[in-house]
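Me: I'd like to go through this one with you and keep asking how each label is earned. Can you show me what we're talking about?

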Amino acid sequence: MIVILGSNVGEQSEDYRLTLDYLARLPGIATRVHKVQGTQQALTEIYLIGDTKTLSAEEIEALPGVERVVRISEEYRILGRHQDEQRISGFEYNGVLFSQDNLNVFAGLCAVDTPEHVELMLRALRENGQVCTRMGAYKPRTNPYSFQGHGKACLPYVFELAGQYGIKVIAMEVTHESHVEEIDECLEQTGHATGVMLQIGTRNTQNFELLKAVGRQQEFPVLLKRGFGITLNESLNAAEYLASEGNSRVVFCLRGVKTNMGDPHRNLVDFSHVPVLKRLTRMPVCIDPSHSVGSRDRAPDGLYDLMHATAQGVVSGANLVLVDFHPAPTKALVDGPQAMLLSELGWFLEDVAAAREAYEKRQRLTERHSAG
Ligand code: PEP
Ligand code: MN
């Protein structure tokens with residue numbers, strides 16, 4: 001059960017104290033206070049943990065300071081939708097809005113290799129009006145002898161250049177909690193020239209200690225990739241780990257699942273799960289066509305498979321697109337074969353916009369047909 005306090009009920013108020021005292025006296029029920037920062041307002045949600053079936057929602061709703069009580073199913077307590085349309089969803093970070101209702105594109109380098117390539121990438125983004133990107137500094141690799149990313153050595157020039165080119169948010173994978181500190185320190189040193197969304201990769205979806213550490217910090221939002229060999233439910237529980245530690249600014253990213261049934265794509269594309277995620281949770285939903293499809297193969301119509309996959313996700317209402325580009329894919333140190341060219345960025349973005357328009361048109365059609 002979630003008890004939502006009125007937006008004007010501050011921690012110092014009498015109503016707050018009376019309500020918390022009452023809840024603390026409920027036998028066999030533990031309380032956990034969670035601050036939710038929405039785009040418009042901040043709210044306090046109090047989670048009642050234990051056997052809440054016998055509690056009267058009406059009685060709790062009558063307490064001073066309580067606005068509403070939401071009964072929740074057991075799964076995804078914090079991030080779940082729980083058939084409640086009124087709870088805050090979405091968040092703003094560094095001036096960029098993330099929600100289930102809008103769309104942001106994060107085109108960029110799978111792995112940072114040289115400052116020149118970073119700058120060429122960022123320039124192309126600025127020319128195309130983009131304020132988000134992806135830049136991998138810490139790369140988890142299957143083969144221990146493969147390039148593992150430049151790590152903290154590249155952060156100063158990545159952040160400084162990002163600031164110069166007007167980038168507000170960089171999606172950057174972390175594989176260890178020390179990486180979060182390194183990013184934090186470097187942002188501090190570079191005067192917060194840009195912002196970072198921490199990415200948890202598919203190989204770490206169930207790295208519970210990493211999830212807990214990243215969930216404990218409140219500075220950065222998190223983009224969690226679906227685990228490539230586990231169920232959707234297991235991946236959603238991984239997202240809930242982040243929220244249960246205090247960070248509910250979480251974006252959930254579909255990136256395909258591992259099976260040879262997806263051949264010749266790198267993974268079996270799972271973007272038909274976009275609406276499922278929106279139904280089950282309040283998280284913005286990201287799609288990663290690059291790591292799903294994994295090639296620059298084209299269909300006979302001239303479009304890349306990965307553009308078709310992107311459109312499939314966007315036409316179903318995806319909220320973020322995370323996609324690999326590179327100024328010189330043959331020289332890329334990681335995932336060159338799936339990177340699109342900078343000269344193709346404008347085309348890719350127009351194609352995404354066309355798919356988004358189709359989605360919005362489908363929404364209007366739905367409204368019209370459900371009106372009567
Ligand atoms: C990535 O986005 O660079 C990446 C490694 O993705 P995934 O974790 O989905 O394989
Ligand atoms: Mn990659």
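Me: How much area do domain 1 and domain 2 bury between them, and what percentage of it is on carbon and sulfur atoms?

Reply: About 1300 Å², with 47% of it on carbon and sulfur atoms. Buried area here is the accessible area (1.4 Å probe) that two parts lose on being put together, summed over both. On the domain 1 side, Y76, L79 and R81 lose the most area to domain 2, together 56% of what that side buries. Before we go on: this is a predicted model, where local features need pLDDT of at least 70 and side-chain atom pairs count only at pLDDT 80 or more, while totals for chains, interfaces and linings use all residues. Residues are numbered from 1 along each chain as its sequence is written, chains are lettered from A and ligands numbered from 1 in the order in which they are written, and side-chain values use heavy atoms, with hydrogens and water left out.

Me: Where do the bounds of domain 1 and domain 2 lie?

Reply: Domain 1 runs over 2-88 and domain 2 over 103-371; such bounds come from an automatic or database domain assignment. Their centres, taken over C-alpha atoms, are 33 Å apart. Eleven residues of domain 1 are in contact (heavy atoms within 4.5 Å) with 17 residues of domain 2.

Me: Why are C286 and C253 not called a disulfide?

Reply: A disulfide is a pair of cysteine sulfur atoms within 2.5 Å. The sulfur of C286 is 3.4 Å from the closest cysteine sulfur, in C253, so that is too far for a bond. By this rule the count comes to zero disulfides. C132 is in none either, as the nearest cysteine sulfur, that of C286, is 11 Å away.

Me: What makes F252 count as buried?

Reply: Buried means under 20% relative accessible area, exposed over 50%, and partly exposed in between (1.4 Å probe, protein chains only). F252 has 0% relative accessibility, so it counts as buried. F252 is found in strand β12, and strands (E, at least two residues) and helices (H or I, at least four) are DSSP runs numbered from the N terminus. Leaving out residues up to four places away in sequence, F252 touches, among others, L232, S235, L236 and A239. Those four are also among the buried residues of α7.

Me: How do you know that α7 has close to its expected span?

Reply: The expected span is 1.5 Å times one less than the number of residues. Helix α7 (residues 232-244) has 13 residues and reaches 18 Å from its first C-alpha to its last, close to the 18 Å expected. Just after α7, G246 takes a positive phi of about 125°.

Me: What makes R226 and D270 a salt bridge?

Reply: The rule asks for a side-chain nitrogen of Lys or Arg within 4 Å of a carboxyl oxygen of Asp or Glu. The closest N and O atoms of R226 and D270 are 3.0 Å apart, and the pair forms a salt bridge. R226 lies in the loop between β11 and α7 and D270 in the loop between β12 and α8, so the pair ties together parts that are 44 residues apart in sequence. Both R226 and D270 are buried.

Me: Why is E360 called partly exposed, and R356 buried?

Reply: E360 has a relative accessible area of 30%, so it is partly exposed. R356, at 10%, counts as buried. Their side chains meet in a salt bridge (2.9 Å, N to O).
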